[in-house]
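This briefing goes through the structure shown below by topic, beginning with the sheet and moving on to the aromatic contacts and the backbone. Please keep the structure open while reading, as each point can be located by residue number.

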Amino acid sequence: MEKITIIIPIYNCEKTINRCIDSILQQTYKNFELILVNDGSTDGTSRILCSYKDNRIKLINQENKGTGSARNTGIKYATGDFICFVDGDDYVEPNFLCEGYELIKKYNAQIVACTYKRKKSLRKICILDKIYGMKYLISLPEKIPMSVVGKVFKSNVIKDLFFDVNNKFEDIEFATIAFLRSEKMVFLKKKLYCVTKTLDSRSKFYNSDDRLKACLKGLNLVREKCPSLLNDYMTYTLLNGIAIVNMMIIHDNYNVKLLKNIKKTVSNNIKCVKHSKYGIIKKLQIYVFDKMFPLYKIIYKIIKKNRRLM
């Protein structure tokens, strides 16, 4: 039985870390190592981490450097044949590792991804090549979340791959590279990973261009490794840029320089939208944003207001 490495970056998670760690220790798949990277916690987290005595646990303490740095530290210490990431305020179902391992072995895949949401069908498996894996990753609404959690990676795919420690949306570039390196992926439409924070919690960073920068770096990789998806990935990038502006609209707080940069990026690449495989609604959203921004703001405010009332 091969070893799986689970990496948990941890910062001030005293309210949730017990549940997270316990969900790993209760896995039906037993041959794993659990790397806990305490990223300079200042609450009671450190005391909780020290209370665990399981010999499969490696506890690493470092100064606070952010999630990307903590994950990088975990990768450096990982010895498993497979690697997966779990966030300290999330948890996994007891068969998360077992099902991921069995699927990755059965189909000789490099990545297995599950969903975070309950599906009507109890269990459905999609076998994806590189092209369709990328399409699932950049689909909106998303099929495979653009994140590193909820996935099992073959270690040889990511062992030399590290997160951008200067970008709060470090998952985007990392996941894009991992999927571009993989010839076969398995998507399991079953909730095995449980997210306790909102999936768009980082959307509050509407004064930062991190999200757009991460997508543009991913775009350069797609241009080199998978040019047939260039229009789709550019459209995905533009929608992520617009998502930053959406948060400005909601908070009525505009970063003028960033807004101007996003508008320019959208305008300069609007031709890619026409040739992408996105649906008419997403394309229309981009066109209205580009050509009629005052109207776009009004429409977006109305849509958000109606959603809150539902």
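Contact here means heavy atoms within 4.5 Å, and angles run from 0 to 180 degrees between N-to-C directions, with axes fitted to C-alpha atoms. In these terms helix α1, residues 17-25, lies across β1 (4-10), β2 (32-39) and β3, and runs at about 165° to β2. The model is predicted, and the values below are computed from it.

**The sheet**

- An open sheet is formed by 8 strands in the order β3-β2-β1-β4-β8-β6-β9-β7, and the pairing within the sheet is mixed.
- The edges are taken by β3 (57-62) and β7 (125-129), each of which has a single partner strand, so one side of each is left without a neighbour in the sheet.
- From one strand to the next, the twist averages 20°.
- Strand β6, residues 111-115, pairs with strand β9, residues 184-191, in the parallel sense over 5 bridges, and within this pairing V112 stands opposite V186 in β9.
- β2 and β3 run parallel and are joined by 6 bridges, while β2, helix α2 (residues 45-50) and β3 together make a right-handed β-α-β unit.

**K58 on the edge strand**

- K58 has its place in strand β3, where I35 stands opposite K58.
- Is K58 buried, partly exposed or exposed? With a relative accessible area of 29%, K58 is partly exposed, because the range called partly exposed lies between 20% and 50%.
- Leaving aside residues up to four places away in sequence, K58 touches E33, L34, I35, L36, Y77 and T79.
- Of these contacts, E33 is 25 residues from K58 in sequence, yet the two are 7.4 Å apart in space, C-alpha to C-alpha.

**Aromatic pairs and charges over rings**

- The structure holds 15 aromatic pairs, and two of them are described here in detail.
- Y136 and F187 form an edge-to-face pair, with 5.9 Å centre to centre and 80° between the planes.
- This pair links distant parts of the chain, since Y136 belongs to helix α5 (residues 130-137) and F187 to strand β9, and the two are 51 residues apart; both Y136 and F187 are buried.
- F153 and F174 also form an edge-to-face pair, with 6.5 Å centre to centre and 85° between the planes.
- F153 lies in strand β8 (residues 151-154) and F174 in helix α7 (residues 170-180), so the pair ties together parts that are 21 residues apart in sequence; F153 and F174 are both buried.
- F153 and F174 also belong to one aromatic cluster, which is formed by F85, F153, F163 and F174.
- The ring of F163, a member of that cluster, has the charged end of R71 sitting over it, 5.2 Å from the ring centre.
- In helix α5 the numbering also places a second such arrangement, in which the charged end of K135 sits over the ring of Y132, 5.0 Å from its centre.

**Helix α4 and the loop after it**

- Which residues of α4 are buried? They are F96, L97, E99, G100, Y101, L103 and I104.
- An α-helix has 3.6 residues a turn, so residues three or four places apart point the same way.
- α4 is followed by N108, whose phi is positive, near 50°, in a residue other than glycine.
- N108 is found in the loop between α4 (96-106) and β6.

**Other backbone points in loops**

- The peptide bond from L140 to P141 is cis, with omega near 0°, and P141 lies in the loop between α5 and β8.
- D252 lies in the loop between α9 (230-251) and α10 (256-268), and its phi, near 50°, is a positive value in a residue other than glycine.
- With a relative accessible area of 56%, D252 is exposed, because exposed applies to values over 50%.

Notes: Residues are numbered from 1 along each chain as its sequence is written. This is a predicted model: local features need pLDDT of at least 70, side-chain atom pairs count only at pLDDT 80 or more; totals for chains, interfaces and linings use all residues. Side-chain values use heavy atoms; hydrogens and water are left out. Two strands pair if DSSP finds at least two bridges between them. Helices (H or I, at least four residues) and strands (E, at least two) are DSSP runs, numbered from the N terminus. Rings of Phe, Tyr and Trp (its six-membered ring) pair if their centres lie within 6.5 Å; planes under 30 degrees apart count as stacked, over 60 as edge-to-face and the rest as tilted. Buried means under 20% relative accessible area, exposed over 50%, partly exposed in between (1.4 Å probe, protein chains only). A charge sits over a ring if NZ of Lys or CZ of Arg is within 6 Å of the ring centre and within 35 degrees of the ring normal. A crossover is right-handed if, with the strands pointing away from the viewer, the path from the first strand over the helix to the second runs clockwise.
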